[in-house]
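Grab a coffee and open the viewer. Here are some exercises, each followed by a worked solution.

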Amino acid sequence: PSASNIIVYNKTLMEAKGVSMPDAEALLADPDAKPLPDYDNSERLLVELNTILSGTVDYTLSFGSTYLLEDGGSIICRPISLEYTCGSYTAARAVMDALHGSDYVNLISDVTLDLDAEHGTRVNLTITYFELQSTGSAS
């Protein structure tokens, strides 16, 4: 996993446990972290998602509302609920690996698998992409 994914994931876990962690923006400024694209990166995301999901039997995307990672911060979260079906677990895992390996910093969560030998493997997950706010606000 990328440093940015680990940072955001660990920050969320620590906050849930009531433990403070240094500012996410400072951690994401790490020179080894993937750069965050400027808000609104949805058009490029759709192209990438279409490419990654083109080998699936079917898929459905549902875009949630964007929101700031931290009040007063400049990192915008773009959650997407994704459901897809592949012919096998191996193919479904390859899609998830491709999503994780995206050029765009993301966090995959809420993963469920339905392993149905007759109909293939159905995956439900949430993937949250991170973008930098320039001017204006998340909508």
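Before you start, a yardstick: a residue is buried under 20% relative accessible area, exposed over 50%, and partly exposed in between (1.4 Å probe, protein chains only). The model is predicted, so local features need pLDDT of at least 70 and side-chain atom pairs count only at pLDDT 80 or more, while totals for chains, interfaces and linings use all residues. Residues are numbered from 1 along each chain as its sequence is written, and side-chain values use heavy atoms, with hydrogens and water left out.

**Exercise 1. Work out which parts the salt bridge between R122 and E83 ties together.**

Step 1: check the contact. A salt bridge here is a side-chain nitrogen of Lys or Arg within 4 Å of a carboxyl oxygen of Asp or Glu. The R122 and E83 side chains pass, at 3.1 Å from N to O.

Step 2: place the partners. R122 sits in strand β5 (residues 120–132) and E83 in strand β3, so the pair ties together parts that are 39 residues apart in sequence. Helices (H or I, at least four residues) and strands (E, at least two) are DSSP runs, numbered from the N terminus.

Step 3: look at exposure. E83 is partly exposed at 28% relative accessibility, and R122 is also partly exposed, at 24%.

**Exercise 2. Follow D40 through its salt bridge and its backbone.**

Step 1: find the partner. D40 meets R78 in a salt bridge, 2.7 Å from N to O. D40 lies in the loop between α2 (24–28) and α3 (42–53) and R78 in strand β3 (residues 75–86), so this pair links parts that are 38 residues apart in sequence.

Step 2: compare the ends. R78 is buried, with 7% relative accessibility, whereas D40 is partly exposed at 42%.

Step 3: widen the view. D40, R78 and E131 are linked in a network of salt bridges, and the structure holds 5 salt bridges.

Step 4: check the backbone. The peptide bond joining Y39 and D40 is cis, with omega about 15 degrees.

**Exercise 3. Which residues of α3 are buried, and what covers them?**

Step 1: size up the helix. α3 has 12 residues and reaches 16 Å from its first C-alpha to its last, close to the expected 16 Å (expected span: 1.5 Å times one less than the number of residues).

Step 2: list the buried residues. In α3 these are S42, L45, E48, L49, I52 and L53. They sit on the same side of α3, because they cover an arc of only 120 degrees around the axis (taken from the directions from the helix axis to the C-beta atoms). An α-helix has 3.6 residues a turn, so residues three or four places apart point the same way.

Step 3: turn the helix over. E43, V47 and T51 are exposed on the other side of α3.

Step 4: find the cover. It includes β1 (58–63), β3, α4 and β5, with contact meaning heavy atoms within 4.5 Å.

**Exercise 4. Is D97 buried or partly exposed, and where does its salt-bridge partner lie?**

Step 1: name the partner. D97 and R93 meet in a salt bridge, 2.8 Å from N to O.

Step 2: locate the pair. D97 and R93 both lie in helix α4 (residues 89–100), 4 residues apart, about one turn of the helix.

Step 3: read the exposure. D97 is partly exposed at 41% relative accessible area, and R93 is partly exposed at 40%.
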